[in-house]
Amino acid sequence: MVFEFECMISGRNILELEQKMGQISAWISEKGPLVIDYMPDKSFEVKMYEALVPRRYSRYFAFDLVFEGEAIW
């Protein structure tokens, strides 16, 4: 099963945006549980399927989070 989420982060400058992207990358680099807000009674064991590739805009980065996983409810 593949999950894809479109995400956006904002920041005051490019340095802050790059720091935030680094924190997100570190946070999601390991395999772990995923609970989706509209399915709170189910969880999935997931790992990153694709690398994070931010699209840069003036004060924000947009990126896709793509996970591969299986249900563990």
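**View 1. From the N terminus on, the elements of this predicted model run β-α-β-β-β-β.** That order amounts to 1 helix and 5 strands, where helices (H or I, at least four residues) and strands (E, at least two) are DSSP runs, numbered from the N terminus. Taken along the principal axes, a box of roughly 40 × 20 × 15 Å holds the C-alpha atoms. As a guide to all the views, residues are numbered from 1 along each chain as its sequence is written. In this predicted model, local features need pLDDT of at least 70, side-chain atom pairs count only at pLDDT 80 or more, and totals for chains, interfaces and linings use all residues, while side-chain values use heavy atoms, with hydrogens and water left out.

**View 2. Here we meet Met-48, a residue of strand E3.** The strand covers residues 44–48. Met-48 has a relative accessible area of 21% and is therefore partly exposed, a term for values between buried (under 20%) and exposed (over 50%), with a 1.4 Å probe and protein chains only.

**View 3. Now look at the company Met-48 keeps.** Setting aside neighbours within four places in sequence, Met-48 is in contact with Ile-28, Leu-65, Val-66 and Phe-67; contact means heavy atoms within 4.5 Å. Phe-61 is 13 residues from Met-48 in sequence, and their C-alpha atoms are 19 Å apart in space.

**View 4. Stepping back, we can take in the protein's 73 residues.** Of these, 30% are buried. Among contacts between residues at least 6 apart in sequence, 59% join residues at least 24 apart.
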